[in-house]
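Here are a few notes to help you find your way around this one. Keep the sequence and the 3D view side by side as you read.

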Amino acid sequence: IGPSNNRNLGIVPTRRADPNLARPYDIEYSLGVTRQVLRGVSVTGAWYRRETYDIEQQINTLVTVDDFGSFTTPNPLGNGEQITIYNLNRAKQGQVDLLDTTAADRSKARVSYTGLEVSFSARLPRGANLFGGWSADRLVAVGCAGFDPNTFRFCDQSQFDIPFRSDFKLTGSVPVVHGIQIGVALQSYAGLPLAVNWAVPANLFPGGRTQAVTVNLITPGSQYLERWNELDLSFRKAFTVGRYRLDGALDMFNALNSNVVLSQNQNFGSTLGQPQAVLQGRLLRLSTQLKF
C-alpha cells in the first residue's frame, strides 16, 4: 500500500489552534411583508440574505501549493475534458503540522445564502383551514484557501450557474359529516445536488502516487436528484360518552406510495447512481386519545 503520508501515524497527531483564530459569524438581512387580502386570508412575502465571515480552515504549515507536481488525464466520463491532477513531492511526503486558523482572504473562503418565500394562511367558513407556501433558495460556497491544489477544482461555486431550488407545501383540514375531520398535506421538495467523485487510480501517477486523490468530475449545480413529492392524509373523529371523550385518528403517510430516490452512490465506478435510500413507502397509523 506504499508508505504512510503521515510521519505521526500511530501517535497523537500534531494539530494546534492559531492564537489569532477568530470566531466565525454571520450577517443576515431579511425583508418581509404580510398583507390581509380577504377576511381570514393573509399573504406573506419575504427575502433573506446571509453572509458568513471569518471562516475557519485547516492548513498544513509544512506543505504549500508549490510542493505539488502536476499531470493531466482524460475525464473518465468520456466528455473530452482533460483534468489536472496534483501529486505531492516525495520530499514532503508524511510531513504533517495541522493548524486551525481563519481564512485571511475572503475572496477564497466565503459562503453566501439567498432565500425567497411566499406563503398564505386562510381560515375558511365552517371551520376549514388552509395553509401553504413556496420557497426557493441558493447557497454558494467558495473554498479555495487550502494548501492542496487538488481541492481547487470547482472550489469557487460563484463561477458556475448555481440555480435556485424550490420547495412547496400545502396543508389543510375541513370538518365533514358526523364530526369527522379530514386533513390533507402535500409536500414537494427539490432533489439534493449530485457529484461524481473519482478516486484517481495509483497507476496514473507518473513516478508513483504519494497521496490518495479524489476529484469531482462534474460541475456544481449541473445534476440533481429527482424532485420528490409526498401526499399525507388524515381522518379524525371524536366520540363522547358521558364525561369521557375519545379522539380517534387514522393517518396515511405517502398515500401515493412514491418510491423516489432520496440519495444515491456518487462514487465513480460500476455502482455509480445506485440508489442508497428511497422515500418510505405508504404507512398507516391508528391512534386514540382518551380525555376524562
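**Notes for a first look**

1. A pair to begin with: phenylalanine 235 stands opposite leucine 250 in E15. Please keep in mind throughout that this is a predicted model.

2. That pair belongs to the pairing of E14 with strand E15 (residues 244–253), an antiparallel one with nine bridges. The two strands make a hairpin, and two residues lie between them. Look for glycine 242 in the turn, where phi is positive, about 60°.

3. Strand E14 (residues 228–241) also has strand E11 (residues 180–189) as an antiparallel partner, and ten bridges join them. To find the pairing on screen, start from isoleucine 180, whose bridge partner in E14 is lysine 237.

4. Now move to another hairpin, made by E8 and E9 with five residues between them. Which residue in its turn has a positive phi? It is arginine 126, at about 65°. The strands E8 and E9 run antiparallel and are joined by 15 bridges; within this pairing, glycine 115 stands opposite aspartate 137 in E9.

5. Strand E8 (residues 109–123) has a further antiparallel partner in strand E3 (residues 41–53), with twelve bridges between them. Here alanine 46 is the residue opposite glutamate 117 in E8.

6. Next, the open space. The largest pocket has a volume of about 420 Å³. It is lined by 19 residues, and those closest to its centre are Leu139, Ile162, Arg165, Pro193 and Tyr224. What is the make-up of the lining by class? Eleven of its residues are nonpolar, four are polar and four are charged.

7. Strand E9, met above in the hairpin, returns here: with four residues, E9 gives the most to the lining of the largest pocket. Strand E9 (129–143) and strand E10 (165–175) each supply at least two residues of that lining.

8. Finally, the interior. In soluble globular proteins, nonpolar side chains tend to be buried together. In this model, the largest nonpolar core has eleven residues, namely Phe71, Ile83, Ile85, Val196, Trp198, Val200, Phe205, Val213, Val215, Leu217 and Ile218.

9. Valine 215 is a good place to centre your view of that core. Leaving aside residues up to four places away in sequence, valine 215 touches Ile85, Val196, Trp198 and Val200, along with Asn150, Arg153 and Asn197. Ile85, Val196, Trp198 and Val200 are themselves among the members of the largest nonpolar core.

Key: Residues are numbered from 1 along each chain as its sequence is written. This is a predicted model: local features need pLDDT of at least 70, side-chain atom pairs count only at pLDDT 80 or more; totals for chains, interfaces and linings use all residues. Side-chain values use heavy atoms; hydrogens and water are left out. A nonpolar core is a set of buried Ala, Val, Leu, Ile, Met, Phe, Trp, Tyr and Cys residues joined through side-chain atoms within 4.5 Å. Buried means under 20% relative accessible area, exposed over 50%, partly exposed in between (1.4 Å probe, protein chains only). Contact means heavy atoms within 4.5 Å. Two strands pair if DSSP finds at least two bridges between them. On a 1 Å grid over the protein atoms alone, a cavity is a set of points where a 1.4 Å probe fits but cannot get out, and a pocket is an open set with protein on both sides within 12 Å along at least five of seven lines; lining residues have an atom within 4 Å of a point. Grid points are joined across faces, edges and corners, and a volume is the space filled by probe spheres set on the points. Ala, Val, Leu, Ile, Met, Phe, Trp, Tyr, Cys and Pro count as nonpolar, Asp, Glu, Lys and Arg as charged, and the others, Gly among them, as polar.
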